[in-house]
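Could you walk me through this structure, stop by stop? I have it open in my viewer and would like to know what to select next.

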Amino acid sequence: MKKNAIALAIGALCVAPAAQAQVVFGNEAIGTVQFYGKLYPQVTSASTSGASEAGDSAATLQDPASFTGENPRSRVSVDSNNSYLGFRGERKLGSTGLKGIWQIEQAIEIDTGNEDATFSNRNSFLGLAGGFGTVKLGHMDTIYKEFGAVVGMFGITSGNWMSPSEVLSKIPYNTRGSFHVRAANSIQYLSPEFGGVQFGAQYSPDEERTDTRDQELWSFGVKYEAGPLYVSLQHEIHKDALVAARDTPFAGGTDSKDQATRLSATYKLGNHKLAADIGQLKWSESGGDVDEYKHITWDVGVESKWGGPWRTSLLYVQAQEGSCSLTAGGDCDTNGLKAQMVALGVAYDLDKQTFLYGVVGKLINGTSSVYNNLQPDVDIAPGTDITQVSLGMSYRF
């Protein structure tokens with residue numbers, strides 16, 4: 001008994017590299033704990049131009065009074081972006097064929113000292129895995145986000161100005177709605193893989209439900225991965241998010257149903273990786289002024305290794321103007337509710353976990369749209385174009 005206890009204690013202290021350079025403590029007998037994270041601070045210079053002037057033609061869904069012609073001042077910032085620190089583990093549950101899994105993850109604001117950060121504010125859950133698949137309870141990226149959004153800069157798909165999600169997943173005339181989210185109070189199911197195919201579903205109820213509002217979220221997806229090819233299809237529903245209204249959300253009997261459907265794919269061709277997303281986003285509301293707004297968004301990207309430590313990345317994102325209808329009827333003009341973004345980056349690998357990078361990009365808003373990737377976020381007038389240049393370092397452990 002003493003020898004077994006000593007062996008277990010020694011096993012618990014063993015540290016070994018795992019996938020993506022995570023540090024692992026423990027063993028199968030007592031369970032394992034992984035310590036992992038990613039830090040990528042960067043220095044960014046941002047400037048704005050082209051804000052729509054008073055009297056410019058406005059889309060029906062945009063307030064003409066917001067056409068001020070004012071552009072935020074240029075600035076230089078030091079950002080920690082989506083840097084994070086996490087702990088996760090698993091343990092076999094006897095001879096049941098099941099294992100318990102858990103994860104606690106949080107943002108690390110190394111630029112400000114994490115003064116306002118909350119523990120477990122990123123993907124955190126407790127779950128059970130077995131032959132039936134995996135069930136998780138917690139605060140997690142939706143299936144729509146996890147299976148899709150495959151275009152990014154050097155593995156960055158969110159939490160940074162250079163990620164395409166601002167244009168790919170949001171509504172153009174206000175800042176309330178997005179389909180690139182992490183959902184609280186979630187129940188998530190992932191099926192086993194069958195020949196490279198996996199299905200996922202997620203539900204997030206409204207724990208503060210009232211007689212007039214019930215903000216449920218449903219997210220679904222199916223993906224296929226084999227060799228160099230990855231393809232996924234996702235669909236997400238937001239109930240009573242009240243995003244479509246032109247100004248503030250309407251209350252007192254108003255309800256809404258917002259939906260997004262997206263096809264995503266990547267293909268690896270030698271030292272090059274090609275990626276693309278295309279989706280239709282629709283916001284519908286009853287009891288408010290806007291009956292429906294919908295549009296198509298898409299992006300493409302290519303990342304290449306050129307021998308030695310050098311890599312390049314290029315992406316292009318576009319949101320189309322779309323179409324709309326009003327509750328009271330009449331014409332609904334979407335003129336100027338479009339946007340596009342382009343970014344070009346170069347990276348230099350110091351080792352398998354660490355690289356330096358430089359990225360330059362521009363977000364071009366239509367005359368009535370307010371897509372905004374400034375960090376930290378500041379309000380912008382419709383039509384404001386945003387140019388940014390960043391130099392940074394990424395370290396994953």
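Here is a tour that starts with the whole chain and then moves to single residues.

**Before you start**

This is a predicted model, in which local features need pLDDT of at least 70 and side-chain atom pairs count only at pLDDT 80 or more, while totals for chains, interfaces and linings use all residues. Numbering runs from 1 along each chain as its sequence is written, and side-chain values use heavy atoms, with hydrogens and water left out.

**Stop 1: the whole chain**

Show the cartoon first. You should find 3 helices and 21 strands in the protein chain; these are DSSP runs (helices H or I, at least four residues; strands E, at least two), numbered from the N terminus. The chain is as compact as a globular protein of its length, because its radius of gyration is 23 Å, close to the 21 Å that the globule rule gives for 397 residues. That radius is taken over C-alpha atoms, and the rule is 2.2 Å times the number of residues to the power 0.38. Along its principal axes, the C-alpha trace spans about 85 × 55 × 45 Å.

Now switch on the surface. The protein chain exposes about 19,100 Å², with carbon and sulfur atoms supplying 58% of it (Shrake-Rupley method, 1.4 Å probe; for residues, only the protein chains shown count as cover). Of the 397 residues, 46% count as buried; here buried means under 20% relative accessible area, exposed over 50%, and partly exposed in between (1.4 Å probe, protein chains only). Among contacts with a separation of 6 or more, 61% are between residues 24 or more positions apart, a contact being heavy atoms within 4.5 Å.

**Stop 2: salt bridges**

The structure holds 9 salt bridges, each a side-chain nitrogen of Lys or Arg within 4 Å of a carboxyl oxygen of Asp or Glu. Three of them are worth selecting.

- Select Arg-182 and Asp-141, whose closest N and O atoms are 3.1 Å apart. This pair links distant parts of the chain, with Arg-182 in strand S10 (residues 182-190) and Asp-141 in strand S9 (residues 133-141), 41 residues apart. Arg-182 is partly exposed at 25% relative accessibility, whereas Asp-141 is buried at 15%.
- Select Lys-170 and Glu-166, where the closest N and O atoms of the salt bridge are 2.9 Å apart. Lys-170 is partly exposed, at 27%, and Glu-166 is buried, at 12%. Next, add Lys-145 to your earlier pair: salt bridges that share partners join Asp-141, Lys-145 and Arg-182 into one network.
- Select Glu-90 and Lys-99, whose side chains meet in a salt bridge at 3.4 Å, N to O. Glu-90 has a relative accessible area of 36% and is partly exposed; Lys-99 is partly exposed too, at 29%.

**Stop 3: two loop residues with distant partners**

Go to Leu-374, in the loop between strand S20 (354-365) and strand S21 (385-396). Is Leu-374 buried or exposed? At 5% relative accessibility, Leu-374 counts as buried. Show Trp-161 as well: the two are 213 residues apart in sequence and 6.4 Å apart in space, C-alpha to C-alpha. Beyond its neighbours within four places in sequence, Leu-374 is in contact with residues including Ala-46, Thr-48 and Arg-75.

Gly-50 is next, in the loop between strand S4 (42-49) and strand S5 (75-79). Gly-50 is partly exposed at 47% relative accessibility. Its C-alpha atom is separated by 9.8 Å from that of Gly-366, 316 residues away along the chain. Leaving aside neighbours within four places in sequence, Gly-50 is in contact with Asn-71, Gly-383 and Thr-384.

**Stop 4: inside a strand**

Select Gln-103 in strand S7 (residues 99-107). Gln-103 is buried, with a relative accessible area of 7%. Not counting residues up to four places away in sequence, Gln-103 touches Tyr-36, Phe-87, Arg-88, Asn-123, Ser-124 and Phe-125.

**Stop 5: two positive phi angles**

Most residues other than glycine have a negative phi. Ser-120, which is not a glycine, has a positive phi of about 60 degrees; look for Ser-120 in the loop between S7 and strand S8 (124-130). Ser-120 is partly exposed at 29% relative accessible area.

Finish at Ala-149, with a positive phi of about 50 degrees. Ala-149 lies in the loop between helix H2 (143-147) and helix H3 (165-168), and is buried, with a relative accessible area of 9%.
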